[in-house]
Amino acid sequence: MYTLKVLSIVFLGVLLLSFGKSLAQAMRNGDFASGQSWATARRDSAGIAPDPQQYASTAIVQVYTAQTYGWRGLFAVHPWIIFKKAGESQYHRYEVISWGGNNVVRRDYTIADGFWFGARPGLLLEHRGAEAEAMIPQIEAAINSYPWPHTYHAWPGPNSNTFLAHIGREVPELKLNMPANAIGKDYRSLTNPMGLPPSGKGLQVSLLGVLALTIGREEGVEVNILGLNLGVNLDPLTLRLPFIGQPGHGSAEKPQS
């Protein structure tokens with residue numbers, strides 16, 4: 001009983017500190033500035049993706065995340081994947097969006113590396129060359145096999161993070177490491193509570209993404225309680241925290257050419 005009490009206090013302390021950091025970051029970024037509108041928020045290129053015309057002969061795969069719009073950005077991120085095959089001079093972008101149609105899986109909704117309604121995207125991963133070329137058909141197959149193309153629930157899922165997690169499970173070569181604040185990445189149906197984590201390597205047990213335990217190649221060890229994730233990556237040793245994700249992971253820096 002004493003141990004459980006201590007663990008509960010520690011967990012609540014981590015939640016409060018993580019939320020405080022997320023709130024402070026949002027205030028610094030002006031996410032709650034008066035008069036800010038989703039219709040006028042920035043959606044231009046962040047200048048992160050390699051120029052597709054300059055690298056027309058190179059296959060490229062990238063995954064991005066950005067804070068969701070408004071107050072939801074305190075809690076969660078929105079992810080998407082872009083790719084192009086060798087010989088193509090433009091990217092294909094795929095993500096899940098809740099508005100604008102019955103099919104929530106969208107292609108080329110906006111610019112490949114664009115700001116997400118004012119939020120600067122961070123780069124989760126990148127693959128180039130023959131490695132990327134080999135996985136693109138698998139990514140396309142995973143997109144087509146997504147189990148919930150007409151369903152969206154912000155919490156606990158399925159949502160945009162569920163979509164990217166599905167691709168990661170189907171294409172382990174991506175080595176996808178979704179941040180702890182990617183709410184919905186742990187969503188699994190009641191008929192399939194156990195299986196691979198989003199990285200495609202390891203084990204995940206989840207009750208509709210509300211309670212979950214994940215042990216993965218990229219995720220390390222992570223516990224999900226009501227969609228709030230807390231864990232630790234082992235290589236390198238870093239914390240996985242609710243509200244703020246994984247410090248240092250998902251940099252918005254432009255990759256080296």
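**Ser-206 and its sheet**

Me: How are the six strands of the open sheet ordered?
Reply: The order is 6-7-8-9-10-11, with antiparallel pairing. Strands here are DSSP runs (E, at least two residues), numbered from the N terminus. Two strands pair if DSSP finds at least two bridges between them.

Me: Which strands stand at the edges?
Reply: Strand 6 (194-195) and strand 11 (237-240). Each has a single partner strand, so one side of each is left without a neighbour in the sheet.

Me: What kind of model is this?
Reply: A predicted one: local features need pLDDT of at least 70, side-chain atom pairs count only at pLDDT 80 or more, and totals for chains, interfaces and linings use all residues. Residues are numbered from 1 along each chain as its sequence is written, and side-chain values use heavy atoms, with hydrogens and water left out.

Me: Where is Ser-206?
Reply: In strand 7 (residues 202-207). Strand 7 pairs with strand 8 (residues 211-216) in the antiparallel sense, over six bridges. Ser-206 stands opposite Ala-212 in strand 8.

Me: Is Ser-206 buried or exposed?
Reply: Buried, at 3% relative accessible area. Buried means under 20%, exposed over 50%, partly exposed in between (1.4 Å probe, protein chains only).

Me: Which residues does Ser-206 touch?
Reply: Asp-186, Arg-188, Pro-193, Leu-211 and Ala-212, leaving out residues up to four places away in sequence. Contact means heavy atoms within 4.5 Å.

Me: What does the side chain of Ser-206 reach at 2.9 Å?
Reply: The backbone nitrogen of Gly-209. A polar atom of the Ser-206 side chain also lies 2.7 Å from the backbone oxygen of Asp-186.

Technical notes: Helices (H or I, at least four residues) and strands (E, at least two) are DSSP runs, numbered from the N terminus. A polar contact is a pair of N or O atoms within 3.5 Å; within protein, one must be able to donate a hydrogen and the other to accept it, and residues adjacent in sequence count only if both atoms are side-chain atoms.
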